[in-house]
Amino acid sequence: MLTVHHLNNSRSQRVLWLLEELELPYEIVHYQRDPQTMLAPASLRAVHPLGKSPVVTTDDGLALAESGAIIETVIERFGQGRLAPAAGTPEALRYRYWLHFAEGSAMSPLLLKLVFDRIETAKMPFFAKPIAKAIAAKAKGAFINPNIVGHLNFMEGELSKSEWFAGDEFSGADIQMSFPVEAAQARGGLDAKRPKLMAYLERIHARPAYKRALERGGPYGLLS
């Protein structure tokens with residue numbers, strides 16, 4: 001039996017979706033963020049030293065962390081040929097690329113934007129507010145926003161080549177890519193100007209397994 005250590009409003013929602021797509025039995029241990037700091041509780045460190053989610057544990061003592069590693073390992077062990085292209089194909093190369101792109105490239109500027117947006121609205125002495133806002137605006141204008149735009153343009157172009165990120169078939173790469181695309185819609189400026197990405201979101205949100213994962217995982221607010 002697989003156990004998902006699930007933090008509310010986090011990347012672990014993707015793991016629940018993966019397991020629902022594969023129709024695998026699993027249990028959930030729920031963890032709640034601190035309402036003030038939005039950090040994970042210390043109890044998660046008993047599962048993994050970094051105290052972050054997702055973590056998947058197995059009855060034989062294996063503890064898997066990192067969304068991409070979890071998706072890849074679960075599909076290899078339990079997928080029975082589902083959700084991954086055949087080895088040696090062009091689609092397999094794209095599949096591996098997008099598994100890494102999601103966190104290695106796409107999420108970095110989106111996370112930085114979240115941090116600097118919060119700096120702009122954080123409570124601080126009145127004399128520090130203009131300085132903080134100016135620094136945040138400079139960082140976003142010179143580096144963060146241009147990177148987000150570049151990534152969104154790239155992803156839009158790639159989805160013009162095929163319906164899904166790895167090719168014509170839905171795969172684990174789409175599960176992995178869901179988080180940065182949803183985060184981009186929530187706070188990165190993704191809108192109807194990029195119809196391929198918006199259509200991709202509509203397709204994943206319509207999948208029955210995606211809906212079941214939301215029912216089991218609870219509210220999903222893309223806070224991290």
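Q: What makes the pair D117 and K140 a salt bridge?
A: In this predicted model, the closest N and O atoms of D117 and K140 are 2.6 Å apart. A salt bridge needs a side-chain nitrogen of Lys or Arg within 4 Å of a carboxyl oxygen of Asp or Glu. The pair therefore counts as a salt bridge.

Q: Why is this pair said to tie together parts of the chain?
A: D117 lies in helix 3 and K140 in helix 4 (residues 129-158), so the salt bridge ties together parts that are 23 residues apart in sequence.

Q: Why is K140 called buried, and D117 partly exposed?
A: Buried means under 20% relative accessible area, and partly exposed covers the range from there to 50%. K140 has 11%, so K140 is buried. D117 has 21%, so D117 is partly exposed.

Q: What makes K140 part of a network?
A: K140 also meets E120 in a salt bridge, at 2.7 Å from N to O. K140 lies in helix 4 and E120 in helix 3, so this pair ties together parts that are 20 residues apart in sequence. Salt bridges that share partners join K113, D117, E120 and K140 into one network.

Q: How do you know that R14 and E103 form a salt bridge, and where do they lie?
A: Their closest N and O atoms are 2.8 Å apart, and the limit is 4 Å. R14 is in helix 1 and E103 in helix 3, 89 residues apart, and the pair links distant parts of the chain. A search of the whole structure finds 11 salt bridges.

Q: Why do R14 and E103 get separate labels for accessibility, buried and partly exposed?
A: R14 has a relative accessible area of 1%, which is under 20%, so R14 is buried. E103 has 26%, which falls between 20% and 50%, so E103 is partly exposed.

Q: What makes the link between H5 and Y31 a polar contact?
A: The side chains of H5 and Y31 make this contact at 2.9 Å, and the cut-off for the N or O atoms is 3.5 Å. A polar contact of 3.1 Å also joins the side chains of H5 and T57.

Q: How do you know that H5 is buried, and which residues touch H5?
A: H5, found in strand 1 (residues 2-7), has a relative accessible area of 8%, so H5 is buried by the 20% limit. Leaving aside neighbours within four places in sequence, the contacts of H5 include S12, V29, L44, V47 and P54.

Q: Why is S10 called buried, and what does its side chain contact?
A: S10 sits in the loop between strand 1 and helix 1 (12-22). The relative accessible area of S10 is 1%, so S10 is buried. Its side chain makes a polar contact of 2.8 Å with the side chain of S12.

Q: Which residues have the most contacts inside the largest nonpolar core?
A: They are M155, F165, M177, V181 and Y200, in a core of 52 residues. Helix 3 gives the most to this core, with 9 residues. Not counting residues up to four places away in sequence, M155 touches W98, F101, F165, M177, V181 and L197.

Q: What makes V115 fit for a nonpolar surface patch?
A: Patch residues need over 30% relative accessible area. V115 has 41%, so V115 passes this cut-off and counts as partly exposed. V115 is found in helix 3 (residues 90-121), and L111, V115 and I119 make a patch of about 210 Å².

How values were computed: Residues numbered from 1 in each chain as written. Predicted model: local features only at pLDDT ≥ 70, side-chain atom pairs only at ≥ 80, totals over all residues. Heavy atoms only, no water. Patch = residues over 30% accessible without salt bridge, like charges linked within 9 Å, V, L, I, M, F, W, Y side chains within 5 Å. Areas by Shrake-Rupley, 256 points an atom, 1.4 Å probe, with all protein chains shown as cover. Helix = DSSP H or I, 4+ residues; strand = E, 2+ residues; numbered from the N terminus. Buried < 20%, exposed > 50% of the residue type's maximum accessible area, 1.4 Å probe, protein only. Polar contact = N/O pair within 3.5 Å; in protein donor to acceptor, adjacent residues only side chain to side chain. Contact = heavy atoms within 4.5 Å. Core = buried A, V, L, I, M, F, W, Y, C linked by side-chain atoms within 4.5 Å.
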